[in-house]
Amino acid sequence: MWALRRTSSSLKLQGLRLATSRAGCVKLETICGQLEVNTNTFETPSAAYTTSLFHRSATMSSKLSTGMRGLSSQVGTETSSSSEDDIDDAFSELEGPEVSTDAVQDKKNTFEGNEDELVSDPDLSDDDFMEESSHDTLGLSDTEADPTEKLLTRKKLTSELFNAIVKDPNSSIEDVLRKWVEEGKELGKQEVTAAILSCRKRRMFGRALQLSEWLEKKDEFDFVERDYASRVDLIAKVRGLQSAEKYIDKIPKSFRGEVIYRTFLANCVTASNLKKAEEVFNKMRDLNFELTAFTCNQLLLLYKRLDRKKIADVLLLMEKQNVKPTPFTYKLLIDTKGQANDLTGMEVIAETMKAEGLVPDLTTRAIMVGHYVSGGLREKAESILKEMEAGDLKENRWVCRVLLPLYASLGKSDEVARVWEICKASPRLEECVSAIEAYGKLKQIEQAEAVFDKMEQKYKKLSSKHYSTLLKVYANNKMLSKGKDLVRRMGENGCRVGPLTWDAMVKLYVEAGEVEKADSMLQKAVQQNKMKPMFNSYITIMDQYSKRGDVHNAEKMFVRMRQSGYMARMRQFQSLLQAYVNAKVPAYGIRERMKADNIFPNKALAAQLSRVDAFRRTAVSDLLD
């Protein structure tokens, strides 16, 4: 029996024998950099153990963990950037992110529209990585003998059954399927599963859940572990963690394996529910499930958001249990170094990754470019961009969508125009979206609008995701009138407005200085649609109230976030406390509120707390007393 104990956490890292040693603690601090390791709260490794810890042939893991200050909020395993088929099977919310990635607690809402229907990852900055965790990563993919036949069959049938569902949005799933059978079409498990995958891809989680429930009711179809795990995921997304946990208890024990619990763990992490996530992890360890990179990455994601001191624990656990870092683990650590502005360390990790026989993929190199740009190292950023092009872009079209916004971040309008010219004749949706984003960064609004018009002409029926790209361009350039016109255009074209569009509209109003309008718009949208806004929508408005020192409205937003199902996190408390600081009034009972939500203040939050402490004593107060 091994244990790594913390007084402030319920996390049990069972099986690891670590002897307390001051020498070991010093070495561990060297390895883990800014990650604090406190010998008063848990046992630390012996000097001999830490000397070898994370030191493989090229001292690989010590390089990974040195100087860690934060992680990208997306966790998962590697997927091919060039493969669109992989994305078809993706869990668009599970990894996270940041793909955030916050299940709606205790709400039985059913979301039945396009990809705008349920956007729940709290960290918008990580949305680009939300698609990296696939069904295959979770072990939920189909297992027919012939993968090629399976893929072809899926592609053939998905559009047919899925389109039947989309074309009849007002009918129940039972009615759609009944009509399907009456038309003489075959309705087997494979067809329904393919439709579920298509619903997932388009974030129609409510419809996907209804299909899964229908499938389980049919006795002629055998439910296996991956089917149960898929249901757990869908319930967590649509009805909340508590409902998903209750469903797990109903799953037959023979099917209640590791994939069930790691699916639930991923949703707990997406919801930033620290207590429940640690509880699930402990349960998995108690059940003696094999520790996987997926599970460890989920913990890294969780602690990046809520308690970065514990990241060192996870890295130690991975080494002791011989869990090799995945390509995505390297990607996280590279992003971490970049966020800490430790660009030299970022390069070391990239070189270490290569030494391990892993080639940084397109998104990993894109992350490095972004951090080079932020750090002012333009030449290094341009060098990587040229590597990413790797020859003739006409033969590597899939790279264009990544290059466009990156060249724009360097202010290279000529390069953006050059890449877009390659795509212009027959642009793909993703390329259009990237081009709009790129021209928006360059503040070339007319060009962005021209790309949007071209996209609209070619693809006719656009989703709210595509409209929101241009809407964000308007918001970033404080073009309120054009933004409103675009939203009206969405309605006229039958595009359903949901959380993604609301978020862009919130930013549009806030950038125009109309915070109250953003607040009322969001509240009205929620009341009319019974859908959950994005975390960022709430926090954007809350931050504005905090800047004003408007405690009343900041508290109101805090309550509304909780009512929407967002667990209290340090980010909300930071914004709330800033409202009290700017208002120059004490925050009575705030420490107790944080304790009740298992929020332990970091240095910055502690400084805010000291400024709003009603009982803080100063030199002046002592004189007055």
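Buried means under 20% relative accessible area, exposed means over 50%, and partly exposed lies in between (1.4 Å probe, protein chains only). By that cut-off 14 of the 14 residues of H14 are buried, so H14 is largely enclosed by the rest of the structure. The model is predicted: local features need pLDDT of at least 70, side-chain atom pairs count only at pLDDT 80 or more, and totals for chains, interfaces and linings use all residues. Residues are numbered from 1 along each chain as its sequence is written, and side-chain values use heavy atoms, with hydrogens and water left out.

**Overall make-up**

- The chain has 33 helices and zero strands. Helices (H or I, at least four residues) and strands (E, at least two) are DSSP runs, numbered from the N terminus.
- Of the 625 residues in the chain, 56% are buried.
- About 26900 Å² of the chain is exposed, and carbon and sulfur atoms supply 48% of that area. Accessible areas come from the Shrake-Rupley method with a 1.4 Å probe; for residues, only the protein chains shown count as cover.

**Two enclosed helices**

- H14 has 14 residues. From first C-alpha to last it reaches 20 Å, close to the 20 Å expected at 1.5 Å a residue. The expected span is 1.5 Å times one less than the number of residues.
- Helix H8 covers residues 189-201, 13 in number. Its C-alpha span, first to last, is 18 Å, close to the expected 18 Å.
- In H8, 11 of the 13 residues are buried, so this helix too is largely enclosed by the rest of the structure.
- The buried residues of H8 include Lys189, Glu191 and Arg200, along with Val192, Ile196 and Leu197.
- Arg203 follows H8 and has a positive phi, near 60 degrees.

**Helix pair H20 and H22**

- The axes of H20 (residues 400-409) and H22 (residues 429-441) come within 8 Å and cross at roughly 0 degrees. Axes are lines fitted to C-alpha atoms, for helices over the stretch in contact, and angles run from 0 to 180 degrees between N-to-C directions.
- H20 and H22 are therefore roughly parallel to each other. Angles under 35 degrees count as roughly parallel, over 145 as roughly antiparallel, 65 to 115 as roughly perpendicular and the rest as oblique.
- H20 contributes Cys400, Arg401, Leu404, Pro405, Ala408 and Ser409 to the contact. H22 contributes Glu430, Glu431, Ser434, Ala435, Glu437, Ala438 and Lys441. Contact means heavy atoms within 4.5 Å.
- The residues of this contact divide into six nonpolar, two polar and five charged. Ala, Val, Leu, Ile, Met, Phe, Trp, Tyr, Cys and Pro count as nonpolar, Asp, Glu, Lys and Arg as charged, and the others, Gly among them, as polar.

**Positive phi in loops**

- Most residues other than glycine have a negative phi.
- Asn288 is not a glycine, yet its phi is positive, about 60 degrees. Asn288 sits in the loop between H13 (274-286) and H14 (293-306). Its relative accessibility is 67%, so Asn288 counts as exposed.
- Lys443, also a residue other than glycine, has a positive phi near 60 degrees. Lys443 is in the loop between H22 and H23 (445-459). At 57% relative accessibility, Lys443 counts as exposed.

**Contacts between residues apart in sequence**

Contacts listed here leave out residues up to four places away in sequence.

- Val373 is in H18 (residues 362-374). Val373 touches Ala381, Ser409 and Leu410. Val373 and Ser409 are 36 residues apart in sequence, with 7.3 Å between their C-alpha atoms. Ser409 also takes part in the contact of H20 with H22.
- Thr364 lies in H18 as well. Thr364 has 0% relative accessibility, so it counts as buried. Thr364 touches Lys331 and Ile334. Its C-alpha is 8.8 Å from that of Leu332, 32 residues away along the chain.
- Leu265 belongs to H12 (residues 258-270). Leu265 is buried, with a relative accessible area of 0%. Leu265 touches Ala277, Val280, Met284, Thr295 and Gln298. Between the C-alpha atoms of Leu265 and Leu241 there are 9.8 Å, and 24 residues separate the two along the chain.
- Gln574 is in H30 (residues 570-583). Gln574 is partly exposed, at 24% relative accessible area. Its contacts are Asn602, Leu605 and Gln608. The C-alpha atoms of Gln574 and Ala606 are 9.8 Å apart, at 32 residues along the chain.
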